[in-house]
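Morning, everyone. Please have a look at the model on the screen, and then I'll walk you through it.

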Protein chains: 2
Amino acid sequence: MIYGHDPRTGETVGAALPETDSAGVDRIVSAAAAAGAAWRATPAAERAVALEAVADALSAHVDELWRLADQETALGEGRLRGEVARAAGQFRLFAEVIRDGGYLEAIIDHADPSLTPPRPDVRRVKQALPGVVAVFAASNFPFAFSVAGGDTASALAAGCAVVVKAHPGHPNTSERVAKIVREALPNPDLLGLVQGMQAGVDLVKHPSVVAAGFTGSVAGGKAIQKLIDERETPIPFYGELGSVNPVVVLPSAPAKEVATGFAASLTLGVGQFCTNPGLLFVPEGDELRKAIVEAVEGTTGGPMLAERIRDNYLGGVERLSQLQLLAEGKPGEGSWAVTPKVFTTDLDTFAAKLPAIGEECFGPASIVVTYRDVADLRPVLERLDGSLTASVHSTEPQEAAEVVEVLGRKAGRLIWNGWPTGVAVCWAMHHGGPWPAATTTTTSVGATAIERWVAPTAYQDWPEELLPDELKDANPLSIPRRVDGRLQVS
Amino acid sequence: MIYGHDPRTGETVGAALPETDSAGVDRIVSAAAAAGAAWRATPAAERAVALEAVADALSAHVDELWRLADQETALGEGRLRGEVARAAGQFRLFAEVIRDGGYLEAIIDHADPSLTPPRPDVRRVKQALPGVVAVFAASNFPFAFSVAGGDTASALAAGCAVVVKAHPGHPNTSERVAKIVREALPNPDLLGLVQGMQAGVDLVKHPSVVAAGFTGSVAGGKAIQKLIDERETPIPFYGELGSVNPVVVLPSAPAKEVATGFAASLTLGVGQFCTNPGLLFVPEGDELRKAIVEAVEGTTGGPMLAERIRDNYLGGVERLSQLQLLAEGKPGEGSWAVTPKVFTTDLDTFAAKLPAIGEECFGPASIVVTYRDVADLRPVLERLDGSLTASVHSTEPQEAAEVVEVLGRKAGRLIWNGWPTGVAVCWAMHHGGPWPAATTTTTSVGATAIERWVAPTAYQDWPEELLPDELKDANPLSIPRRVDGRLQVS
C-alpha cells in the first residue's frame with residue numbers, strides 16, 4: 001500500500017492506496033489507448049473545449065485541492081493556490097495553441113511537372129502520436145508538474161491519451177486531481193493514473209505507450225531510459241533532469257539587490273525547484289559577500305517534500321562541506337525540515353573540484369564562487385554541465401558579452417538581472433537545455449511543449465477527399481501553412 | 001587500407017586509402033569544432049551563399065563525379081548525374097530555408113505586468129547545436145545520402161560543422177566529393193571525412209560531437225545507438241533504418257498499370273532503395289497476378305553495391321523461399337549481380353509468419369500477398385512494423401478509407417496511385433516514420449530536415465543589444481515570428 005505523509009510531522013495522511021499491479025496497468029493503458037483512438041480523430045476545436053473544461057474544473061476545486069496537497073507537501077496555501085491556477089492556465093494555453101494550429105507545421109507543395117524529375121503534390125502535417133503518453137509526475141509541483149501538469153495538458157492537447165505514474169510524495173492529491181480531470185474530459189479513460197514503482201516500470205514498457213515524459217533526477221531519468229532501451233520498439237523519452245542554474249554576478253551589479261534576490265530565490269519552496277540557483281559566481285570583495293551573508297541569515301528553512309528528498313539534501317550538504325560555509329539560514333520547523341546553507345570557494349578551487357562539485361544538490365543549498373577577473377570565468381563556465389537556466393546580473397551589457405556566449409551554450413534559458421525560479425507559461429518559454437537539464441532539445445513548459453507528442457505525415461498525390469482538413473486547399477481550419485515555399489497566415 | 005571495388009568485376013578500383021586512426025579522428029573533429037564556432041556565428045545570409053557555392057561546385061564537377069561513382073557503385077550515368085543534381089539541389093533548398101528563417105521558430109512574448117505572477121519579457125529562437133554533427137553515409141546514394149548528402153547539407157545550413165564517416169562502398173568518391181565541398185566552403189575544416197569502421201566508433205564517441213545522422217540498416221543503427229549510450233553526455237541520434245514500404249492494391253486499381261509500375265519500382269537501382277516496395281497486397285484473381293508475372297519477367301537484375309549487400313540479399317531471398325516464387329526477372333551481369341524475385345502467399349499464411357516475414361530484404365525482392373476481402377487487411381496491416389512509406393492504389397477513394405487509417409499510423413509518407421521509390425526534395429517532404437523506419441519523429445529529406453541540428457534558447461528580460469538579431473523588436477532579418485501569440489509573416 002502507498003501512503004501520503006505530512007512533511008511537518010512525518011506521519012501518514014489520507015487513505016491507504018493500493019499499488020497498481022501489472023494487470024491493472026495493462027487495463028488502464030488499454031482503456032486509455034481505446035479512448036485515445038477517438039480523441040486523436042476529434043477536431044482541435046472540440047479538444048480545445050475539453051481542455052478548457054478541465055481548467056474550469058481544476059479552478060473550481062482549488063479550495064479543496066490546496067488543502068489536500070498542503071497535507072502531503074507542506075508547500076502552503078499561497079503557493080498551492082497559485083499552482084492550481086498555473087495548472088489550469090496551462091490547459092487554457094494549450095487550448096489556444098491547438099485552435100491556432102501553427103504547431104501542426106502544415107506544408108503544401110503543389111505538383112510541379114516542369115521539374116526534373118517531375119515533382120508530385122506533397123503535403124505534410126503533424127498529428128498526435130498514435131497511442132498513449134506515459135507521464136512520470138514530479139515531487140515538487142503537485143499540480144503543475146504532476147497529474148494535471150504541463151506534460152498531461154500538452155499531450156491531451158496534441159490528441160494523445162495519457163497515463164500518469166503518480167509521485168509517491170502526494171498520492172492522495174494525485175488521485176483527487178485525476179478524478180477531477182477524468183470527470184471533465186469527454187471520456188474519463190483519456191487520463192489514467194497508476195501508483196507504485198513497479199507500475200511505472202510496467203507503464204513505460206507497455207506496447208501501447210508511444211512516448212514518455214519525466215521530471216525528476218538524473219538517476220531516475222537514466223533508469224527510465226534503460227527501461228525504454230529494453231523495449232522491443234523504442235519510444236521518445238522527454239526527461240527534464242538535473243540543473244545547477246549558474247548565476248554570474250558581474251562587477252557592475254548592485255550588491256544589495258543581488259544578495260536579497262539570491263536568498264529569496266534560493267529558499268523559495270525550501271529550494272525545491274529544478275531552477276534553484278545552485279551556483280553564484282561573484283566578484284571578490286567584501287560588500288557583496290557581507291550582503292549575501294546578511295540576506296541568507298535572514299532566511300528560514302522548512303520541511304522538504306519527502307524523507308528521501310530530505311536525506312538526499314543532507315547528503316548533498318555533507319558533500320559541499322568540503323568548502324567553507326559562508327552563511328546559513330534559520331532551521332525550519334517540522335520532521336523533515338532543513339536549513340538553507342551557502343558555501344563558498346574561489347574560482348581555482350572550484351575548477352579543481354569539477355565536475356563533481358558542479359552537480360545539483362536539490363534543496364536550499366548553493367555555492368558562492370568568487371572570481372578576480374571576469375576574463376577568468378570563461379574557461380570554468382565552459383566546463384559546467386548543461387542547465388535549464390543561466391542568469392547574468394549586470395547593469396552594463398557590454399561587460400557581459402563574453403560570459404553570455406558561453407552561457408548560451410550551457411543553458412536553455414538566459415535571464416538578465418533576474419532569478420531562475422519562476423518559469424512563465426507562455427508561447428516563448430523554453431524549459432529545457434543541454435544534458436543533463438533535458439534529454440532532448442524540447443521544452444516541458446510553454447506552448448512548444450506540445451511538439452513532443454506529434455509526428456509529421458506526408459501525403460503524396462493524395463485525393464482531396466481523404467486529406468486531413470489541415471491540408472485541404474481551401475484551408476477550412478484557417479491554420480498557418482507554408483504553401484509552395486511561402487508561409488501564409490490566414 | 002580501404003579500397004573501392006567495382007561491382008561489375010569485384011576488383012579493386014582507385015587508390016588505397018588509409019583508415020583514419022584515433023588521433024586522426026580527434027584532429028579532424030577538433031578542427032571542425034574550431035571552424036564550427038565561427039560558422040555558428042555567421043549570419044544566415046552568408047551561410048546561404050556558401051551553400052550555393054557548394055551546389056555550384058558539385059554541379060561543375062558532375063562529369064568527373066558520375067564516372068568515379070559509377071566505378072565504385074555501377075549505378076550508371078543517368079542515375080548518377082541525376083543524383084549529383086539532387087545533391088546540389090539540396091544545398092540550394094537549404095540556402096532558401098535559412099534565408100526564410102521560419103525554421104528558427106522565433107517567438108516573442110512581451111512582458112505583461114498585469115498578470116499574476118507578472119510575466120517577464122521572454123523570447124525564444126532556435127540556434128545551431130554547439131558542436132560537430134557526425135554523419136554516417138549510406139551505401140546506396142553516393143551523392144545524395146553521402147558526404148554531400150542531405151544530412152551534411154542540412155547540418156551545414158543550420159550552422160554546424162560536419163564530420164562524415166565515409167561508406168566503404170564508395171571511398172574514392174567520398175574523398176573526391178569531400179575535397180570539392182571543402183574547397184567551396186569558407187573554411188575547409190567545416191567538413192571533415194573519416195574512413196574505416198573504428199573511425200566511425202571514435203567519431204560518435206568524440207566529446208565535440210553533438211548529434212549524429214545515419215542512414216542504413218537496423219543492425220547498424222542499433223550499434224551506433226549503443227555507442228551513444230556509452231557516451232558520458234548522450235547526443236541525439238537521427239537514424240533512418242529499415243522499411244518494407246507496404247503497397248495496398250485495392251480492387252478498383254487497374255491491373256496492367258499496377259503491375260508495370262510495381263516491377264519498375266522494385267527493380268530500379270537493383271532494388272537498392274530504402275523505399276523499395278517490399279510488400280504488395282493484391283486482391284485474389286488471375287488478371288493482376290498474370291500481369292505481375294509478365295512485368296517482373298521483363299525485368300533484369302544487376303550488380304549490387306557491395307559483396308556484403310549482395311550476400312545479405314541472397315540470404316533474404318533464401319528466407320523468402322519458404323513462400324511460393326511467383327516470378328523472377330533475368331539475372332543481371334557482373335560479379336555481384338542478382339536476380340529480381342517476387343514471392344507470393346495468401347493473407348492468412350503471411351499473417352501467421354509475422355513478424356519475421358515482414359522484415360526488410362534490401363534489394364529487388366518483394367512479397368505479393370493476396371487477400372479475399374478488403375476488410376481482412378486491417379488486422380494484418382496493424383501488425384506491420386513502421387515504414388518510411390505506404391502506398392494505396394485505387395480509383396475510388398472511399399474504398400480506401402479504412403486501409404488508410406491504419407497505414408497512416410504505420411508510415412511517414414502516404415502515396416496515392418504511385419510508387420515509393422523517388423523522394424521529392426521539397427518543403428513538405430517527410431522521409432521518416434515509426435520505428436524502425438526512423439529513430440525519431442524527424443525527416444532526413446526535405447526542408448524540415450534542418451530541425452534536427454538546432455535547439456531553442458529562451459531569453460528572459462534580455463537587453464536588446466545582446467539579443468540575437470532574430471529576436472530584436474525591429475525584426476532586422478524579416479523572418480516569420482510569433483509575437484504575443486500571433487504568427488507574423490513579414
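One definition to begin: copies are superposed by least squares on the C-alpha atoms of residues with pLDDT of at least 70 in both. This is a predicted model, where local features need pLDDT of at least 70, side-chain atom pairs count only at pLDDT 80 or more, and totals for chains, interfaces and linings use all residues. Residues are numbered from 1 along each chain as its sequence is written, chains are lettered from A and ligands numbered from 1 in the order in which they are written, and side-chain values use heavy atoms, without hydrogens and water.

Now the two chains. A turn of 180° and a shift of 0.0 Å along the axis lay chain B on chain A, with an RMSD of 0.0 Å. The two copies are therefore related as by a two-fold rotation axis. Which residue of chain B comes closest to the rotation axis? B:V489 does, with its C-alpha at 3.5 Å. Both copies use the same surface: 100% of the contact residues of chain B recur in chain A (contact means heavy atoms within 4.5 Å).

Next, a sheet in chain B. Helices (H or I, at least four residues) and strands (E, at least two) are DSSP runs, numbered from the N terminus. Five strands form an open sheet here, in the order 7-6-5-8-9, with parallel pairing. Two strands pair if DSSP finds at least two bridges between them. Strand 7 (191-194) and strand 9 (237-240) of chain B stand at the edges with a single partner strand each, so one side of each has no neighbour in the sheet. On average, neighbouring strands are turned by 15° against each other, direction ignored.

Look inside the sheet. Strand 5 (residues 132-136) and strand 8 (residues 209-215) of chain B run parallel, joined by five bridges. In strand 8 of chain B, B:A211 stands opposite B:V133.

What packs on the sheet? Helix 5 (residues 150-158) of chain B does, touching strands 5, 6, 7 and 8 of chain B. Its direction makes about 165° with that of strand 6 (161-165) of chain B. Angles run from 0 to 180 degrees between N-to-C directions, and axes are lines fitted to C-alpha atoms, for helices over the stretch in contact. Helix 7 (residues 197-205) of chain B also packs on the sheet, and its direction makes about 150° with that of strand 6 of chain B.

Last, over to chain A. Helix 4 (residues 77-100) and helix 5 (residues 150-158) of chain A pack at about 25°, their axes 9 Å apart. That makes the two helices of chain A roughly parallel (angles under 35 degrees).

Notes. Parallel < 35°, antiparallel > 145°, perpendicular 65-115°, else oblique.
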